[in-house]
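This report goes through a protein structure step by step, from its charged pairs to its interior. Please keep the sequence and the 3D view at hand while reading.

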Amino acid sequence: MTMQVAIITGASSGIGWGTAVKFHEMGMAVVGVGRDGEKLARLEAEINDPARLATLAIDITADEAPRKIVDLTLTKFGRIDFLINNAGAGSPKPLHETDDEMLDYFLGLMLRAPFRLAREAIVHMKPGSAIINVSSTFAVIGGRRGGAYSAAKGGLTALTTHIATQYGPEGVRCNAVAPGVTVTPMVEHRLEDETFKRINVEMTPYPRLGTVEDVASTIAFLCSPGAEFINGQTIVVDGGWSSTKYISDRALTTDWVPRKA
């Protein structure tokens, strides 16, 4: 069987790192893309298989990034089977606090860049290939302080359904994975905020928060033969946070978050 090849953005940490390791364990070749060359070097050291891993340190919002990523993939491995648009940023601000610089950054990183990379890659993708866009629960339900982040992820959801419709007849699928709060370096510091912790921990019916493994496993499934007939969907990975009205007994019976005056 010919080795499958996956491009993963945001591969230098968190969900992208976990997905790169997972795909390698599945026997795929991986092109890991990120901004931090030192972190990508650590990924190379962990996987320790230069025959099936290539990395590229680049700003994916740069005009030349899609072409460079695709050219590297084709030169190194000769094909593209899966594109995982995962790179993102956190700590957004609500609408009235979002300046144009933040708006442009979030839309550029989490909507424009995935759009341009998908456009560059899809012409090389054969039947059986798939694109997975890593979205967010903030694109599924309203999220406080979502601002430009919510707008970008909502656009990514719409892009997912477009690609599914347009290229599904050619055998190329597209789905989105929408994680809830997942314990990654990007969000660990926010769990120190008692209000943020209460909104997420105390409103998730499953007795823990999400892990990188949870999300990486879902992405891997959507790229497996078992997901061949799943197209145009958003799979939410959040322990029930977005689809229930759950609140824990602890949150119902204590005033452990100080009230604001």
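## Glu97 and its salt bridge

In this predicted model, Glu97 counts as partly exposed because its relative accessibility is 39%. Glu97 forms a salt bridge with Arg145, and the closest N and O atoms are 4.0 Å apart. Glu97 belongs to the loop between S4 and helix H4 (100–122), while Arg145 belongs to the loop between strand S5 (125–134) and helix H5 (147–167), so the pair ties together parts that are 48 residues apart in sequence. Arg145 is also partly exposed, at 40% relative accessibility.

## Other salt bridges

Side chains of opposite charge can pair when their charged atoms come close. The structure holds 7 salt bridges. One of them joins Lys22 and Glu213, whose closest N and O atoms are 2.5 Å apart. This pair links distant parts of the chain, with Lys22 in helix H1 (residues 14–25) and Glu213 in helix H8 (residues 212–222), 191 residues apart. Lys22 counts as buried, because its relative accessibility is 16% and the limit for buried is under 20%. Glu213, at 43% relative accessibility, counts as partly exposed.

A further salt bridge brings together the side chains of Asp214 and Arg208, at 2.7 Å from N to O. Asp214 is partly exposed, with 22% relative accessibility. Arg208 is partly exposed as well, with 40%.

## The nonpolar cores

Which residues touch the most other members of the largest nonpolar core? Of its 38 residues, they are Ile69 and Ile131. Two or more residues of this core come from each of strand S1 (5–9), strand S2 (29–34), strand S3 (53–57), helix H3 (65–77), S4, H4, S5 and H5. H4 gives the most, with 9 residues.

Leaving aside residues up to four places away in sequence, Ile69 touches Ile7, Val33, Leu56, Ile58, Ile60 and Leu117. Another core lies apart from the largest one. This other core has 27 residues, including Ile15, Trp17, Ile47 and Val177.

## A buried polar residue

Asn85 is found in strand S4 (residues 80–85). Is Asn85 buried or exposed? Asn85 is buried, because its relative accessible area is 4% and buried means under 20%. The side chains of Asn85 and Asn133 are joined by a polar contact of 3.0 Å.

When residues up to four places away in sequence are not counted, Asn85 touches Thr9, Pro114, Leu117, Ala118, Ile131, Ile132, Asn133 and Val134.

## Aromatic pairs

There are 4 aromatic pairs in the structure. One of these is made by Phe23 and Phe82, which meet edge-to-face at 6.5 Å centre to centre, with 70 degrees between the planes. Phe23 lies in helix H1 and Phe82 in strand S4, so the pair ties together parts that are 59 residues apart in sequence. Phe23 is buried, at 0% relative accessibility. Phe82 is buried too, with a relative accessible area of 1%.

Phe138 and Tyr149 form another aromatic pair, also edge-to-face, with 6.1 Å from centre to centre and 85 degrees between the planes. Phe138 sits in the loop between S5 and H5 and Tyr149 in helix H5, 11 residues apart. Phe138 is partly exposed at 24% relative accessibility, whereas Tyr149 is buried at 14%. Ring pairs link these two residues with Tyr105 and Phe106 into a cluster.

## Helix H2

Helix H2 (residues 37–47) has the buried residues Leu40, Leu43 and Ile47. Why do the buried residues of H2 line one face of the helix? Seen down the axis of H2, they fall within an arc of 50 degrees, so they line one face. H1, S2 and S3 are among the elements that cover these buried residues. The face of H2 turned away from the buried side carries the exposed residues Glu38 and Ala45.

At the N-terminal end of H2, Asp36 acts as a cap: a side-chain oxygen of Asp36 lies 3.0 Å from the backbone nitrogen of Glu38. H2 is followed by Asn48, which has a positive phi, near 55 degrees.

Technical notes:
Residues are numbered from 1 along each chain as its sequence is written. This is a predicted model: local features need pLDDT of at least 70, side-chain atom pairs count only at pLDDT 80 or more; totals for chains, interfaces and linings use all residues. Side-chain values use heavy atoms; hydrogens and water are left out. Helices (H or I, at least four residues) and strands (E, at least two) are DSSP runs, numbered from the N terminus. Buried means under 20% relative accessible area, exposed over 50%, partly exposed in between (1.4 Å probe, protein chains only). A polar contact is a pair of N or O atoms within 3.5 Å; within protein, one must be able to donate a hydrogen and the other to accept it, and residues adjacent in sequence count only if both atoms are side-chain atoms. Contact means heavy atoms within 4.5 Å. A nonpolar core is a set of buried Ala, Val, Leu, Ile, Met, Phe, Trp, Tyr and Cys residues joined through side-chain atoms within 4.5 Å. Rings of Phe, Tyr and Trp (its six-membered ring) pair if their centres lie within 6.5 Å; planes under 30 degrees apart count as stacked, over 60 as edge-to-face and the rest as tilted. The arc is that of the directions from the helix axis to the C-beta atoms.
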